[in-house]
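User: I should like to go through this structure and ask, term by term, on what grounds each description rests. Please set each value against the criterion that applies.

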Amino acid sequence: MLFSPDAIAALSTIQDQTSDKDKIVFVSGNFNILHPGHLRLLRFASECGTFLVVGVLGNSSSGVMLSEKLRLEAIQSISWVSYGFILDNPSEQFIQQLKPAIVIKGKEHENKYNPEQEIVDQYGGKLLFGSGDISFSSVDLLRREFKEFNFSTIVKPQDFPKRHGFTIPSLKQIITKCSALNVCVIGDTIIDEYINCEPLGMSQEDPTIVVSPILQQKFIGGASIVAAHASRLKAHVDFFSIAGNDENTVFAKQTLESHNVHTHFYIDESRPTTLKQRFRADGKTLLRVSYLRQHAITKRLQNQILSDLKNTLNCIDLLIFADFNYGCLPQDLVDSIIAECVKREIIMIADSQCSSQIGDISRFQHMLLLTPTEIEARLSVRDFDTGLVVLAEKLRSLAKSKNILMTLGKEGVLIHAAAISNKNQWITDRLPAFNTAPKDIAGAGDSMLTCTAMSMALKNDIWKSTYFGSLAAACQVGRLGNTPLSPEELIAEIEA
């Protein structure tokens, strides 16, 4: 058995750095672009023993995107990894020589043929499958190739644009071209009310915090802020939504019209306009209260919306579903709208949020882009075990979507997209969260959805579009309240 020099050196080094008391764990893979899914797997592996060895497959391995040197440097920067090296031999051959106590593979390999199984059985080791915990905790920050100096709290990654062939200054061209777009947004109208309070102390009667309201301020939210974002960037926007017969509908309509959004409100007497209150003190949210109904709208309202929408679609470039699962978009209406858009070859992008409610983003079929959170993706495909990349591909396949943009909160986003050269292959990359000190994360997803969608409607690829959307989200979370982004704010941050 002929071993590469790196493998021989690895065996010698591991022997020198360990003792009989150490429990060696081995993991191998390409590790093209390190994303949270990789970090979870490696954290899980490190918790299974005392000395984690990671073999980074060499440049000759199938599916390699980056040089082995760069991939190894990334692995070596993770504190859970005890020793990393370039592995040019088949992993089962190296395992036979190293004889680690445990070999770890991703959960998605559990029901497949694994050549390592026979080897570990021979010497009494174990082959375990796992992808780490679903919930995020703090993760090691990977070393950056370049230290970036920025006066704001927004840090723009420099390596991602280089990898995907665009420059950060070129993002300004997206902003200048948005005025050419005709956008249609359909989804739930939500009013966000911030009630800032002065803390008075603890009640003497029971263990309750007592506060006194100082300032109350309302903002449009949900699908309505998506429409406002698009219009503020100079697109022509039609907005279709359900609302109650109340003062919050008047507020929403007046606010949207002030942003030049052409509104189509359909009054449902059986529900109030959704209102979400946030009670805050000293910059922290103490309590959230939601006033809403979640039943589906009537067939009569569905038919009325569809009839009016058909007339609008004749001049639309982009349709955005902004679904909050409060009954505004029943499946029959969604299917009918999709059929009309497919007939007219209109670009469709969908987001379906389910924080306190249950939703299924896979019900939006044939989208150019879906933008779920991780939990939304797992709920849709009923998979709570596999890693992020496999999860993204399962959702893409189920929903017949072209691209998946999985938002991961403070961990940024995972992008799962088609390779231009081969439509049967997929490329995965990630972007961290740009804003290092967010003030209010409530509007991050809405701004990212809008700006990414508009960029893709202008024929930019998923990589450039996601970067643009991430920058918009970083600007949005840098302030309190959900207000539409202006072109000037985005340009200033691009030039910063």
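The exchange below takes up the helix packing, the sheets and the internal spaces in turn.

Analyst: Please note at the outset that this is a predicted model.

User: Why are helices H4 and H5 called roughly parallel?

Analyst: The axes of H4 and H5 (residues 116-123) cross at roughly 10° and come within 9 Å. Angles under 35 degrees count as roughly parallel, and H4 is therefore roughly parallel to H5.

User: Which residues make the contact between H4 and H5?

Analyst: H4 contributes Ser 91, Glu 92, Ile 95 and Gln 96, while H5 contributes Glu 116, Ile 119, Val 120, Gln 122 and Tyr 123. Divided by class, this contact of H4 with H5 has four nonpolar, three polar and two charged residues.

User: What makes H15 and H16 roughly perpendicular?

Analyst: Helix H15 (residues 462-476) packs against helix H16 (residues 487-495) at an angle of about 105°, and their axes are 10 Å apart. The range for roughly perpendicular is 65 to 115 degrees; H15 and H16 are therefore described in that way.

User: What is the class make-up of the contact between H15 and H16, and which residues form it?

Analyst: On the H15 side are Phe 468, Leu 471, Ala 472 and Cys 475, and on the H16 side are Leu 490, Glu 493 and Ile 494. The contact of H15 with H16 has six nonpolar residues, no polar ones and one charged. Glu counts as charged, so Glu 493 of H16 is the charged residue in this contact.

User: Why do E3 and E5 stand at the edges of their sheet?

Analyst: Five strands form this open sheet, in the order E3-E2-E1-E4-E5, and the pairing is parallel. Strand E3 (83-87) and strand E5 (126-129) each have a single partner strand, so one side of each is left without a neighbour in the sheet. From one strand to the next, the twist averages 25°.

User: How do you know that E4 and E5 pair?

Analyst: Pairing requires at least two bridges, and four bridges join E4 to E5, which run parallel. One of the bridge partners in E5 is Lys 126, which is matched with Ile 102.

User: On what grounds are E14 and E15 counted as paired?

Analyst: Strand E14 (residues 347-352) and strand E15 (residues 369-370) share two bridges, in the parallel sense. The criterion is at least two, so the two bridges of E14 and E15 meet it. Ile 349 has Leu 369 of E15 as its bridge partner. E14 and E15 belong to an open sheet of nine strands with mixed pairing, ordered E10-E9-E6-E13-E14-E15-E16-E17-E18. In that sheet, strand E10 (262-267) and E18 are the edge strands, each pairing on one side only.

User: What makes helix H10 a neighbour of the nine-stranded sheet, and how is H10 directed relative to E9?

Analyst: Helix H10 (residues 299-313) packs on the sheet and touches strand E6 (182-187), E9, E10 and strand E13 (318-323). The direction of H10 makes about 180° with that of E9. Angles over 145 degrees count as roughly antiparallel, so H10 and E9 are roughly antiparallel.

User: How many cavities are there, and what lines the largest cavity?

Analyst: There are two cavities of 30 Å³ or more, and the largest cavity has a volume of about 100 Å³. Among the residues lining the largest cavity are Asp 188, Ser 241, Arg 271, Arg 293 and Tyr 326. Strand E9 (residues 236-243) gives the most to this lining, with three residues. By class, the lining of the largest cavity has five nonpolar, four polar and three charged residues.

User: What volume does the second largest pocket have, and which residues lie nearest its centre?

Analyst: The second largest pocket holds about 1300 Å³ of space. Its lining has 40 residues, with Asn 30, Asn 32, His 38, Glu 108 and Val 389 nearest the centre. The elements that give two or more residues to this lining include strand E1 (24-29), helix H2 (36-47) and helix H13 (388-399). The lining of the second largest pocket divides into 16 nonpolar, 18 polar and six charged residues.

Definitions and conventions. Residues are numbered from 1 along each chain as its sequence is written. This is a predicted model: local features need pLDDT of at least 70, side-chain atom pairs count only at pLDDT 80 or more; totals for chains, interfaces and linings use all residues. Side-chain values use heavy atoms; hydrogens and water are left out. On a 1 Å grid over the protein atoms alone, a cavity is a set of points where a 1.4 Å probe fits but cannot get out, and a pocket is an open set with protein on both sides within 12 Å along at least five of seven lines; lining residues have an atom within 4 Å of a point. Grid points are joined across faces, edges and corners, and a volume is the space filled by probe spheres set on the points. Axes are lines fitted to C-alpha atoms, for helices over the stretch in contact, and angles run from 0 to 180 degrees between N-to-C directions. Contact means heavy atoms within 4.5 Å.
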